[in-house]
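Visitor: Hi! Could you walk me through some charged contacts here?
Guide: Happy to, let's have a look together.
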Amino acid sequence: MGEDGGVTSAPQRPDGPTPTPRLIATDLDGTLLRDDKSVSLRTVAALAAAEKAGIEVFFVTGRPARWMDVVSDHVHGHGLAICANGAAVVDLHAGREFVQVRALPRATALTVVETLRSSVPGTSFAVELTTGINYEPLYPPFFQDPGAKVATAEKLLEKEADDTSAPVLKLLAHHAELAPDEFLALARSAAGAYASITRSSPTALLEISGLGVSKASTLELCCAERGISPAEVVAFGDMPNDVEMLRWAGTSYAMGNAHPDVLAAASGRTVANNEDGVAVVIERIIAERAAHQR
């Protein structure tokens with residue numbers, strides 16, 4: 001979700017001509033989705049037009065696979081989505097089946113827990129697995145996941161715990177008092193040598209993945225499999241967990257509601273998510289492609 005007020009002016013395109021991309025990579029919450037978590041009819045039409053024009057669309061999100069129903073009807077062709085900030089590639093055409101998992105080793109997760117407990121007192125944790133989420137008693141409960149186990153992170157991560165065979169996708173860390181960016185900076189300083197740490201929530205909630213795992217690195221792998229270069233990718237995002245992806249893509253757009261770090265990282269800017277900023281750019285790309293083909 002974005003943090004700043006929406007931008008209502010026309011999108012600011014990157015310098016130079018608009019490229020003809022082979023792939024569009026878009027975040028969901030605060031980017032493709034409106035604040036009510038819906039996909040507008042305009043956006044649905046734009047996504048379909050991109051696929052019809054031969055441009056692949058990848059949803060690249062911090063969401064777990066089980067929360068992808070909101071867009072599963074709108075992925076065409078390959079059916080793949082990148083979830084959990086790059087920790088998983090899932091097939092939405094095959095019931096959210098995991099195609100690739102880039103797990104956070106349990107030993108590493110325990111090291112991060114120990115480090116943050118010491119460095120940032122008051123931190124509580126949740127553990128996101130391929131099978132669901134479990135969390136500590138003081139962690140804000142996930143009402144969408146009523147079957148979650150509640151125990152200390154150390155207990156949830158120990159080798160003898162249930163779900164030992166389930167890979168850990170990411171560790172979540174929450175703080176009730178710190179400002180979100182302050183918490184992120186403290187955590188990266190203390191534990192950034194062990195894992196990739198980012199955030200996408202407007203609250204002090206951090207998302208911790210295996211070292212080197214990000215939306216960008218997994219998107220790069222997916223593109224390499226298809227022979228697609230960064231220059232042929234257009235990416236959209238709004239929060240710090242999108243920064244690496246926006247820097248990697250040849251062309252990138254920050255939403256009008258984006259975090260300041262995202263505005264600085266992107267090569268262009270579009271209007272806010274509630275104004276269908278992704279669709280605005282896709283429509284322009286399709287129109288310019290059609291004009292060049294005449």
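Visitor: Which residue forms a salt bridge with Arg42?
Guide: That is Glu283, and the closest N and O atoms of the pair are 2.7 Å apart. A salt bridge here is a side-chain nitrogen of Lys or Arg within 4 Å of a carboxyl oxygen of Asp or Glu.
Visitor: And where do the two sit?
Guide: Arg42 is in helix H2 (residues 41-52) and Glu283 in helix H10 (residues 277-293), so the pair links distant parts of the chain, 241 residues apart. Helices (H or I, at least four residues) and strands (E, at least two) are DSSP runs, numbered from the N terminus.
Visitor: Buried or exposed, that Arg42?
Guide: Arg42 counts as partly exposed, at 37% relative accessibility, and Glu283 does too, at 33%. Buried means under 20% relative accessible area, exposed over 50%, and partly exposed in between (1.4 Å probe, protein chains only).
Visitor: What is this model based on?
Guide: It is a predicted model: local features need pLDDT of at least 70, side-chain atom pairs count only at pLDDT 80 or more, and totals for chains, interfaces and linings use all residues. Residues are numbered from 1 along each chain as its sequence is written, and side-chain values use heavy atoms, with hydrogens and water left out.
Visitor: New topic: what does Arg63 pair with?
Guide: Arg63 forms a salt bridge with Asp29, at 2.7 Å between the closest N and O atoms. Arg63 lies in the loop between strand E2 (56-60) and helix H3 (69-72) and Asp29 in helix H1 (residues 28-32), so they tie together parts 34 residues apart in sequence.
Visitor: How many salt bridges in total?
Guide: The structure holds 16.
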